[in-house]
Amino acid sequence: MPYNLIDFNMQIGRQKPETIRHPDNYCPFCHTAELTDIIAADGPIILLRNKYNVLSGTDQFVLIETDKCQSDIPDYTPEHMQRLLRFGLHHWQKMLNSGRYADVLFFKNYGPLSGGTIRHPHMQLVAFPELAQPLAVLPEEFAGELITRAGNVEFNIATTPRIGFWELNIVPADINTPAAIAAMAHFIQTGTSFLTRHFHQGRVQSYNLFFYQLQGKVYIKIMPRFATPPLFVGYGVHIRPTNIPDMAAEIRQLYFDNK
């Protein structure tokens with residue numbers, strides 16, 4: 001069966017700036033006057049073409065989230081998080097519906113184990129003009145132990161994880177209402193705050209945020225990043241922890257009960 005194999009251009013990759021492990025290095029996203037190929041902006045939120053298009057045959061874009069370099073999603077005001085989410089969803093959906101691409105990935109890397117190189121808060125979009133086969137995403141990967149609901153949006157912990165252990169899902173019935181945007185933004189901030197400040201006593205310092213469109217629905221998944229389970233790496237065996245209900249209860253107690 002064919003599978004999607006993308007060449008990573010190492011010559012371009014070696015030129016990419018890096019500020020996660022070397023925070024004193026030059027940060028290109030802090031110097032907005034020097035940015036090129038800007039597509040759209042909403043105040044400090046900027047969408048531009050990725051200067052380092054390392055994935056051959058794709059169009060890559062960067063979404064700068066804020067002008068505050070050392071901040072991250074849990075630090076944003078609710079208003080800024082909603083503004084960022086509306087902006088990102090709009091441009092992602094616009095690319096998906098353009099007819100130019102077989103699929104468009106929309107995601108965020110945060111921390112040294114996430115696959116990112118720049119500390120300044122940003123997301124990425126990778127557009128594929130063609131794919132050997134559809135991306136391997138299953139609806140059951142977004143079902144799980146309920147944490148809470150609001151604005152017709154479900155927040156849960158996956159009981160069929162894509163990789164293994166604890167994966168947080170955000171499942172909106174519709175992304176086009178103010179209530180849904182507010183709930184999605186709140187759950188993204190809650191999930192990233194829990195993972196980086198409470199989960200494993202705050203020792204998790206890397207995560208990924210993934211957006212999916214599947215069968216006409218949008219899904220969001222937040223994955224803490226640590227060593228990938230060897231059973232998954234070697235054999236594709238997904239690992240499900242036995243304390244998912246306890247974790248759901250902990251998130252409810254920290255963020256939602258009596259709030």
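How much space lies in the largest pocket? About 800 Å³. The views below come from a predicted model.

**View 1. The largest pocket and the residues at its centre.** This pocket holds about 800 Å³ of space. Its lining counts 33 residues. Closest to the centre are K16, N50, Y52, Q60 and Q124.

**View 2. Strands that line the largest pocket.** Four strands, β2 (45–49), β3 (59–64), β4 (103–110) and β5, each supply at least two lining residues. β5 gives the most, with 4 residues. By class, the lining of the largest pocket divides into 19 nonpolar, 10 polar and 4 charged residues.

**View 3. The second largest pocket.** Its volume is about 660 Å³. A set of 23 residues lines the second largest pocket. Nearest its centre lie L105, V137, R162, F210 and Y212. Two elements, β4 and β9, give two or more residues to this lining. The class split for the second largest pocket is 15 nonpolar, 5 polar and 3 charged. β4 also supplies at least two residues to the lining of the largest pocket.

**View 4. The aromatic pair F142 and Y212.** The model has 14 aromatic pairs. One of them joins F142 to Y212 in an edge-to-face arrangement. The ring centres are 5.1 Å apart, and the planes meet at 65°. The angle is over 60 degrees, so the pair counts as edge-to-face. F142 sits in the loop between β5 (122–128) and β6 (144–150), while Y212 belongs to strand β9 (residues 207–214). The pair therefore ties together parts that are 70 residues apart in sequence. F142 has 3% relative accessibility and so counts as buried. Y212, at 12%, is buried as well.

**View 5. F210 beside Y212.** Y212 also pairs with F210. This pair is tilted, with 6.3 Å centre to centre and 45° between the planes. Is F210 buried or partly exposed? At 21% relative accessibility, F210 counts as partly exposed. Buried requires under 20%. Both F210 and Y212 are among the residues nearest the centre of the second largest pocket.

**View 6. A cluster of aromatic rings.** Which residues do ring pairs link into a cluster? The members are F165, W166, F194, F199 and F226.

Methods:
Residues numbered from 1 in each chain as written. Predicted model: local features only at pLDDT ≥ 70, side-chain atom pairs only at ≥ 80, totals over all residues. Heavy atoms only, no water. Phe/Tyr/Trp six-rings, centres within 6.5 Å; stacked < 30°, edge-to-face > 60°. Buried < 20%, exposed > 50% of the residue type's maximum accessible area, 1.4 Å probe, protein only. 1 Å grid on protein atoms, 1.4 Å probe; cavity = no way out; pocket = protein on both sides within 12 Å on 5 of 7 lines; lining within 4 Å. Points joined across faces, edges and corners; volume = space filled by probe spheres on them. Nonpolar A, V, L, I, M, F, W, Y, C, P; charged D, E, K, R; others polar.
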